[in-house]
Amino acid sequence: MQEMQGQDHTDGMPVPENIIIPTKEQGGWMGVQPTKAIRDKITPHPGELNDDDGTSNKLNWLRAGVLGANDGIVSVAGTIIGVAGAESNPRSLLVAGVAALAAGAFSMAGGEYVSVSAQRDTERALLTKERWELTNLPAEELNELAQIYETKGMTASTATQAAAEAMNHDALRAHAIDELQIDPDDLTNPWSAAFSSFVSFLVGGIIPLLFSLIPVAFLMRIVLIVVSVALALFITGAVSAKIGGAARRKAVLRNVLMGLGTMLFAWLVGLLFGIHA
């Protein structure tokens, strides 16, 4: 019996010596996603086209949520700082900030809706194609699924048996998840993505807008905006790194420097068109 990381993952069933069972935390056989390099080794039948990119609700929510807030922070702050570079009128900062917040939130929501709708249409088209192949090319589809299972460490005989059993249970779901990386019961939702982008942009963009309303000297007001934006970007960078599994320090540094660079550039552009007395 072969063990992985010192654990028994076979539940008492005998396993050939040359097979390593993925951990339960990894999802067992079904939880191991093949890389593109591995998938390239699979020989599809003529006319077959797989979506190697797959889908991931986790990444969709990351983009629509955390990055939406990040965009709100940078966009609104950049607009306010750019106007501040042109004139030192607090009312102008307020108008510019509100306009940037409203336009940005609706733009983000609309863009996310269109993008995710296109993704959902692609997923549906792939599932429709897979249904046709399962009906008209069952032997080829069985062989293809068996090859996928072989890349996960199964022997040829075990992979063939597993593929047959999976297809007998739910052929479309087996191919959708392991071949296309699509969950047919949980397709991407354009409305939820749009709403998430809208709300997250508002939440992020309101931060520099609120600091622009603090009744202090104009220069101090700008300093407070810059500091608040840097802190907010520090948080969104750390959160996005944690969700995405990336290096936190690099993600935070990149996020903060990008935001500060945006504000500096906007300030310089504002100075070029300045109307200071």
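**An all-helix chain in a predicted model**

In this predicted model, residues 1-38 keep a pLDDT under 50 throughout, and the model has 53 contacts beyond four places in sequence for them. A second stretch, residues 49-55, also sits below 50, with 18 contacts in the model beyond near neighbours in sequence. Across the chain as a whole, pLDDT averages 76, and 76% of the residues reach at least 70.

As for the overall layout, the secondary structure amounts to 9 helices and 0 strands, so the pattern along the sequence simply reads α-α-α-α-α-α-α-α-α. Of the 277 residues in the chain, 40% are buried. Among contacts with a separation of 6 or more, 71% are between residues 24 or more positions apart. The accessible surface of the chain is about 15100 Å², with carbon and sulfur atoms contributing 65% of that area.

On the charged side, a search of the whole structure turns up 1 salt bridge. It pairs the side chains of E133 and K129, at 2.5 Å from N to O. Both E133 and K129 belong to helix α4 (residues 90-136), where they are 4 residues apart, or about one turn of the helix. The two partners can be told apart by accessibility: E133 has a relative accessibility of 2% and counts as buried, while K129, with a relative accessible area of 28%, is partly exposed.

Helix α4 aside, the loop between α6 (156-178) and α7 (190-211) is worth a look, and L187 is found there. Is L187 buried or exposed? Its relative accessibility is 18%, and because the cut-off for buried is under 20%, L187 counts as buried despite its place in a loop. Leaving out residues up to four places away in sequence, L187 touches R120, E123, R124, L127 and I182. One of these, R124, is 63 residues from L187 in sequence, yet the C-alpha atoms of the two are 8.4 Å apart in space.

Helix α8 (residues 218-244) holds V227 and also T236. V227 is partly exposed, at 43% relative accessibility, and belongs to a nonpolar surface patch of about 540 Å². The other members of that patch are V216, L219, M220, V223 and L231. T236, in contrast, is buried, with a relative accessible area of 11%. Which residues does T236 contact, leaving aside its neighbours within four places in sequence? They are V66, N70, I73 and N255.

N255 leads on to helix α9, where it is one of the buried residues. The others in that helix are A251, V252, V256, G259, M263, A266 and G270. The contact between T236 and N255 therefore joins a buried residue of α8 to a buried residue of α9. The geometry of α9 (residues 248-272) also checks out: at 1.5 Å a residue, its 25 residues should span 36 Å, and the end C-alpha atoms are 36 Å apart, which agrees.

Terms used:
Residues numbered from 1 in each chain as written. Predicted model: local features only at pLDDT ≥ 70, side-chain atom pairs only at ≥ 80, totals over all residues. Heavy atoms only, no water. Helix = DSSP H or I, 4+ residues; strand = E, 2+ residues; numbered from the N terminus. Buried < 20%, exposed > 50% of the residue type's maximum accessible area, 1.4 Å probe, protein only. Contact = heavy atoms within 4.5 Å. Areas by Shrake-Rupley, 256 points an atom, 1.4 Å probe, with all protein chains shown as cover. Salt bridge = Lys/Arg side-chain N within 4 Å of Asp/Glu carboxyl O. Patch = residues over 30% accessible without salt bridge, like charges linked within 9 Å, V, L, I, M, F, W, Y side chains within 5 Å. pLDDT = per-residue confidence, 0-100. Expected span 1.5 Å × (residues − 1).
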